[in-house]
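Me: I would like to go through this model and ask, for each term used, what justifies it. Please set the values against the definitions as we go.

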Amino acid sequence: MNIGIDIDNVISDYDNCFIQECLQHDKTLRNSGIINKNSANIFGMFDWTPEEADCFYRNNAERIATNLKPVQHSKEYIDKLKADGYKIIIITARYNGDYTDPHTLTKTWLFENHIYYDKLIITKTTSEKVEKCLENNINIMIDDSKTVYLDCIKNNILALLMDTIGNRDINATRVHSWKEIYDRVVIHGK
């Protein structure tokens, strides 16, 4: 059975790390902190202008991605899935212009964090991910993107949506931890 796994907010703790970086940067702007904790967009949490948010992102995205921490227990459960005989295919949309060399950045991060995978696929957009799922016979896709989740469902690919503040506006098969992911994959894999 082939398992597709996204990186940001699924294997890497992207949103939490990014928010911490924003809080640090905010101290140099107005030191207002988070003013809207329920915003579905990280930058909407702060009182930054669109220009300030864009400038911060452009100047820091690659550094932040390089230093992301793995989601708790992601390595452990990916290793268990591999030991159980599942094929691990990481599918991430990082050829989006945010990184100088997304392939090397991603492979290095996976290596440094000891994340096992059988195949790495990097797309330009999230909408391309379902095409890669179909091409690689993905049985279950784990992602935090609403678009990817809904596209997979439309194409009869079982999908699990890693719960984030930015995707809570849709009805979905949600997971909140890697133990939950593992348990659901095992149930469907039988």
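Me: In this predicted model, what makes up the lining of the largest pocket by class?
Reply: The lining of the largest pocket comprises 10 nonpolar, 10 polar and 9 charged residues. Of the 29 residues that line this pocket, D8, N9, Y14, D15 and D144 lie nearest its centre, and the space within amounts to about 690 Å³.

Me: What makes a residue count as lining a pocket, and which element gives the most to the lining of the largest pocket?
Reply: A lining residue must have an atom within 4 Å of a point of the pocket. For the largest pocket, α1 gives the most, with 3 residues, while α1 (14–29) and β2 (87–93) each supply at least two.

Me: Why is α1 called oblique to α2?
Reply: The two helices, α1 and α2 (residues 50–66), pack at an angle of about 130°, with their axes 11 Å apart. Angles over 145 degrees count as roughly antiparallel and those from 65 to 115 as roughly perpendicular; the angle of about 130° belongs to neither range, and therefore α1 is oblique to α2. Their crossing is right-handed.

Me: How do you know that α1 and α2 are in contact, and which residues make the contact?
Reply: Contact requires heavy atoms within 4.5 Å, and the residues that make the contact are Y14, F18, E21, C22, H25 and L29 of α1, together with E52, F56, Y57, R63 and I64 of α2. By class, this contact has 7 nonpolar, 1 polar and 3 charged residues.

Terms used:
Residues are numbered from 1 along each chain as its sequence is written. This is a predicted model: local features need pLDDT of at least 70, side-chain atom pairs count only at pLDDT 80 or more; totals for chains, interfaces and linings use all residues. Side-chain values use heavy atoms; hydrogens and water are left out. On a 1 Å grid over the protein atoms alone, a cavity is a set of points where a 1.4 Å probe fits but cannot get out, and a pocket is an open set with protein on both sides within 12 Å along at least five of seven lines; lining residues have an atom within 4 Å of a point. Grid points are joined across faces, edges and corners, and a volume is the space filled by probe spheres set on the points. Helices (H or I, at least four residues) and strands (E, at least two) are DSSP runs, numbered from the N terminus. Ala, Val, Leu, Ile, Met, Phe, Trp, Tyr, Cys and Pro count as nonpolar, Asp, Glu, Lys and Arg as charged, and the others, Gly among them, as polar. Axes are lines fitted to C-alpha atoms, for helices over the stretch in contact, and angles run from 0 to 180 degrees between N-to-C directions. Angles under 35 degrees count as roughly parallel, over 145 as roughly antiparallel, 65 to 115 as roughly perpendicular and the rest as oblique. A crossing is left-handed if the near helix is turned anticlockwise from the far one by less than a right angle, and right-handed if clockwise.
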